[in-house]
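Let's take a friendly walk through the strands of this model and see how they sit beside one another. The sequence and structure come up next.

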Amino acid sequence: MLDCMDDLRKISDLRLPPNWYPDARAIQRKIIFHAGPTNSGKTYHAIQRFLSAKSGIYCGPLKLLAHEIFQKTNDANVPCDLVTGEERVYANEDARQAPHIACTIEMCSTNTPYEVAVIDEIQMIRDPARGWAWTRALLGLCAEEIHVCGEAAAVDLVTELMYTTGEEVEVRNYKRLTPLTVLDYALESLDNLRPGDCIVCFSKNDIYSVSRQIEARGLECAVIYGSLPPGTKLEQAKKFNDPDDPCKILVATDAIGMGLNLCIRRIIFNSIVKPTVNEKGEKEIDSIPTSQALQIAGRAGRFGSSFTQGEVTTMHREDLVQLKEILSEAVPPVKAAGLHPTPEQIEMFAYHLPDATLSNLIDIFVSLSQVDGMYFVCNIDDFKFLADMIQHIPLNLRSRYVFCTAPLNRKEPFVCTTLLKFARQFSRNEPLTFDWLCRHTKWPLAAPKNIKELVHLEAVHDVFDLYLWLSYRFMDMFPDAALVRDIQKKLDDIIQVGVCNITKLIRASQSAAAPGTAEVVSEDFPTAKRDARVASDRHGAKSPEALSIAVEAPALRRARNPRASRSGTRQEDLKSYGRGSLANRLLREGLLTQEMLRQLESEWQDQHRNGRYGFGSKRDDQHSSKETGKKRK
C-alpha cells in the first residue's frame, strides 16, 4: 500500500470540485440567488423564469416538490417530464424527452444543456448526508441561468463557491408576504384547539398520543409524518385543507416543513427538543435549530390561503420563552458544502487496493481525502452499513456501489433484508420478477388492524420504492416496474385507510400491549439499536451497563457542547424533559423499544440469578485490574 500512497492521495484530493465539471466550466453562467424566509415568494419568482425559458430543469429536495412543479408546469401548457429515483413520467406520449424537467436533486443531469435551472432549498448544501447533491448541481449544471432559492444564510457560501468558478452572484432578497405572530400564551390544553391548528411533534409516539387525545374530544384530525407514502401525505393534506371536510386539525412531524401546501392558521410546537443524528452519526437531543423552527413556524398563514396571517406558539407554557428566543436568533451562516466520493474515484482506489472491501475503501478514501475549507465530506455511515451487509455477496464493484447508494432507511429490518435478497439473487443473474416480489411481501395485503401492521405496510411501500429505484439502474434484472408501480398505488390506498383510522389502530395496539404500557415505534433514532449493539460489543456481553453507556454518551457530548446550552432556561427544559424513570425516558426518546426492554430485563434476571455480576461489579473489576497494572509498573 505504501508504494501507491501518492496515487491514492491524488485520487482522494477533493480540493478543486469545480474542475470535475468541464462542461459547466466551458460556459459563462449567470447565478441569481432568491433569498428569503418561508412564504416569501422566492421560489415562485424562480419558477416564473423557468416557465418562460425554452428549456429548463427544476431540482428539489423531495419527490413531492418535484411532482408539484411537474404538475404546475404541464398545467401551464409547458411540456415537462418528471424524474425521481423511482419514477419517470413523460409529458409526450411517445416518451420523447420534453424540454423541461422537474426532478429530485440527486437525479439532475450535469451533461444536458438548459436555458434555465432552478435549485431549490440551497441551504441543504450543508446537510450531513445529502449536501453533496446540492454541491454537484450548483457547480455542475450546464445552464445559462442558475436560479438558486433558499435561506439568506447560504448567500455568502454560494458567492464564495461561485468566485472559484469565475461566476458572479446576483442576490434578490424577499420578505414574508403575510405577517407571522409569536403568541404570548401557550395552548396548554387540547381543549383550546381551533380550526386551522397544526400540532408539530418530533416522534411518531407523540403523533399517536396527541391524535388519540384529539379524537377523544370529538374532533377529527389529519396526520402527516415522514415515513408515510407521498400519496397518503397528499390525501391527508387535501383532507385538512378542504373547507367542507369536518377535519380541521393537523398533527404532523417536521415533515410539513417543505413539500406540502397547507392552510394552517396556527403552528403549535408540542416540544422544542428533537432527537437528531449529528455529522459523525452520533445521537443527540437538543433544542430545534433556528433554521428549522423558522421553516416550520413559517407554514402558518400561507399567502393565498384562507388565513391572512399566521400564529405560532407552544403546547407547554415553559417552552414558550425558549421558542421566542430560538425564533429571534439569527440563522447561523452556512459554512461549508458537502462532497461524496464518486464511483469512478472508488474504482481507482480499488485498482490500487484490490483486496480491500468496499467499506474499507470508503474509510481509506475519507481518511486520505483533502478538502478545501469551503467543503466537507458527507457522512457515509449509511453507505458503509449497506456495504458491510452485502459484502459476502459476489458482485462487481460498480454494481456493489449502486446497491450501497440505494435510498433506504436502515432502521427498517424488513427493507434491509429485502435489499440483501435482491443483491443475492442479482449476483446469481436471476431476474427479480413481480411474482417473486409478491411472494416475498405476501401481497395482496389487508388493511392494518393495529399500529404494528401499519408500520409494516409502510415498510412494504419502501420495498416497492427500492425495487423501482433499482429497476432504473438494472432494467434487465428488475423487469416488472410497471406492475410494481400498480400495486404500490393500491398499497398507498390501503395505508390511507389505516391512517384515517389511526386512533382505532392505537387503541388496538394498546389493548394488546402489556398493562400500563403503550406500543412504541422508534422513529427518532435510525441507528439506536445498532449503536446499542456496538456498545455491548465494546463493554461486555449485552449488559444493562452497555446500554447505559450507549445512552449516556450523547448526554456527555451535549454537556461539552456550548451549542446545546443556549441559556440556563433551555438547560432546565432539557432536564425536565428527562424526568421520570430511565426506562420511560428511553422509550419516549426512541432509544429503547418494549421488546428491547423485555430482553434486557430477562438477561439481567438470568445474570442476577447466576451471580455473574451485580450493579457496578464489572466496572469495579476493570478499575481494580487497572490499579493493579499501575502498581506493577
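A residue counts as buried when its relative accessible area is under 20%. Keep that cut-off in mind for strand S2 of this predicted model. S2 covers residues 30–35, and 5 of its 6 residues are buried, so the strand is largely enclosed by the rest of the structure.

Which strands pair with S2? One is strand S8 (residues 142–150), which pairs with S2 in the parallel sense over 6 bridges. Within this pairing, Ile31 has Ile146 of S8 as its bridge partner. Strand S9 (residues 169–173) also runs parallel to S2, and 5 bridges join the two. Here Ile32 is matched with Glu170 in S9.

Now to an open sheet elsewhere in the numbering. Its 6 strands follow the order S10-S17-S14-S11-S13-S12, with parallel pairing. At the edges are S10 (180–182) and S12 (221–224), each of which pairs on one side only. On average, neighbouring strands of this sheet are turned by 20 degrees against each other, direction ignored.

Inside that order, strand S11 (residues 197–200) is joined to strand S14 (residues 266–269). Cys198 stands opposite Ile267 in S14.

The parallel pairs with their bridge counts look like this:

| Strand | Partner strand | Bridges |
|---|---|---|
| S2 (residues 30–35) | S8 (residues 142–150) | 6 bridges |
| S2 (residues 30–35) | S9 (residues 169–173) | 5 bridges |
| S11 (residues 197–200) | S14 (residues 266–269) | 4 bridges |

Finally, a helix joins the picture. Helix H9 (residues 290–297) lies across S10, S11, S14 and strand S17 (310–314). Relative to S14, H9 runs at about 140 degrees.

Technical notes: Residues are numbered from 1 along each chain as its sequence is written. This is a predicted model: local features need pLDDT of at least 70, side-chain atom pairs count only at pLDDT 80 or more; totals for chains, interfaces and linings use all residues. Side-chain values use heavy atoms; hydrogens and water are left out. Two strands pair if DSSP finds at least two bridges between them. Axes are lines fitted to C-alpha atoms, for helices over the stretch in contact, and angles run from 0 to 180 degrees between N-to-C directions. Contact means heavy atoms within 4.5 Å. Buried means under 20% relative accessible area, exposed over 50%, partly exposed in between (1.4 Å probe, protein chains only).
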